Amino acid sequence: MEQLAVKALVVKESDFGDFDKLLTLVTEENGKMTVTVKGGKSLKSRFVAACEPFTYAVFNIRRTNKYFYLYDFELIEDFYPIRDSIEKFSLASYICDVASEASLEGACDPDVLKLTLNALWALSYKEISLSLLKGAFEFKTAVICGFMPDLSVCEVCRSEKELLYIDVRGGRLVCDDCLRLGHLKNGLSEASVLLSVSPAVLDALRYISESPINRFLSFRLCAEEMPQFSAACEKYLINHFEHEFYTLSFYKTVVDGDI
Ligand SMILES: [Zn+2]
């Protein structure tokens, strides 16, 4: 029987049969793992805290055949202040959903975990705009997953114009002049999504894509720029994952005040 200790974040927990829980973990060294918690549904279980969403801990795991079982854990951080508001909780749920999608089984990619922990930390302990946090997390996740856009100049005329669009499918910039003159032929189809980006939003996107993970939120953006920034970041990520997230729809319902 193989035993291992992994530092990991619980990104999803669900019931499994009558008594057990299944945890989806994003780990530092093993990518995404699914771990069974025997008796985890019982409120008397010694693993109650391990089965909470957003728990970051050292998980001691035994492997039997193809399956992993939890036998001990040591809590590092529970991000408890996320539970202060439904806005924070629903955004954290979406962040974990994205982290789960971005993390691959068996792949050693500590950046996804690092970025997610930084985002949950800011959500818990910093006064920060939720829109800025959400957008920066979305865009940085896409970059970490290999969808690095070319944000230098217009891809066609190679100049930096005032009015630029980001092509979220092609991961490139196009200027208004080249678009109007029909100079962009290669790769632009009816399915292309072009979003205008102001100089301030473009600066923010450049900052996020190039900054170290632990500094990815160290920029400012004024409120008037936020709708354009939010649209660009969300569409960029969703386009690359090629599906919507239920937790994202729920978060939007919450912030729109429908709940
Ligand atoms: Zn151009």
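This report describes the two domains of a predicted model, the strands and helices in them, and the contact between the domains.

## Division into domains

The domain assignment of the chain gives two parts, with domain 1 covering residues 2-77 and domain 2 covering residues 86-259. Taken over C-alpha atoms, the centres of domain 1 and domain 2 are separated by 30 Å.

## The barrel

Strands of a sheet pair through backbone hydrogen bonds, either parallel or antiparallel. In this model, five strands form a closed barrel that runs E1-E2-E3-E5-E4, and the pairing within the barrel is mixed. From one strand to the next, the twist averages 50 degrees. One of the pairings is between strand E3 (residues 32-37) and strand E5 (residues 67-77), which run parallel and are joined by two bridges; Thr 36 has Tyr 69 in E5 as its bridge partner.

Two helices pack against these strands. Helix H2 (residues 110-125) touches E1, E2, strand E4 (56-64) and E5, and its direction makes about 55 degrees with that of E1. Helix H1 (residues 86-102), in turn, lies across E1, E2 and E3, and runs at about 125 degrees to E1.

## Where the domains meet

The contact between the domains draws on 16 residues from domain 1 and 22 residues from domain 2. Between them, domain 1 and domain 2 bury about 1,400 Å², and 68% of this area lies on carbon and sulfur atoms. The rule finds zero salt bridges across the interface of domain 1 and domain 2, whereas four residue pairs, with both residues at pLDDT 80 or more, are in polar contact between the two domains.

On the side of domain 1 that touches domain 2, strand E1 (2-16) and strand E2 (20-27) each supply at least two residues. E1 gives the most to this side, with four residues.

## The open sheet

A second arrangement of strands is an open sheet of four, in the order E6-E8-E7-E9, again with mixed pairing. Its edge strands are E6 (150-154) and E9 (194-197), each of which pairs on one side only, and the twist averages 30 degrees from one strand to the next.

Strand E7 (residues 164-167) pairs with E9 in the antiparallel sense over four bridges, and Asp 167 stands opposite Leu 194 in E9. Helix H6 (residues 226-241) packs on the sheet and touches E7 and E9, with its direction at about 145 degrees to that of E9. Helix H5 (residues 199-210) lies across E6, E7, strand E8 (172-175) and E9, and runs at about 145 degrees to E6.

Notes
Residues numbered from 1 in each chain as written. Predicted model: local features only at pLDDT ≥ 70, side-chain atom pairs only at ≥ 80, totals over all residues. Heavy atoms only, no water. Pairing = 2+ DSSP bridges. Axes fitted to C-alpha atoms, helices over the stretch in contact; angles between N-to-C directions. Contact = heavy atoms within 4.5 Å. Domains from an automatic or database assignment. Buried area = accessible area lost by both parts, 1.4 Å probe. Salt bridge = Lys/Arg side-chain N within 4 Å of Asp/Glu carboxyl O. Polar contact = N/O pair within 3.5 Å; in protein donor to acceptor, adjacent residues only side chain to side chain.
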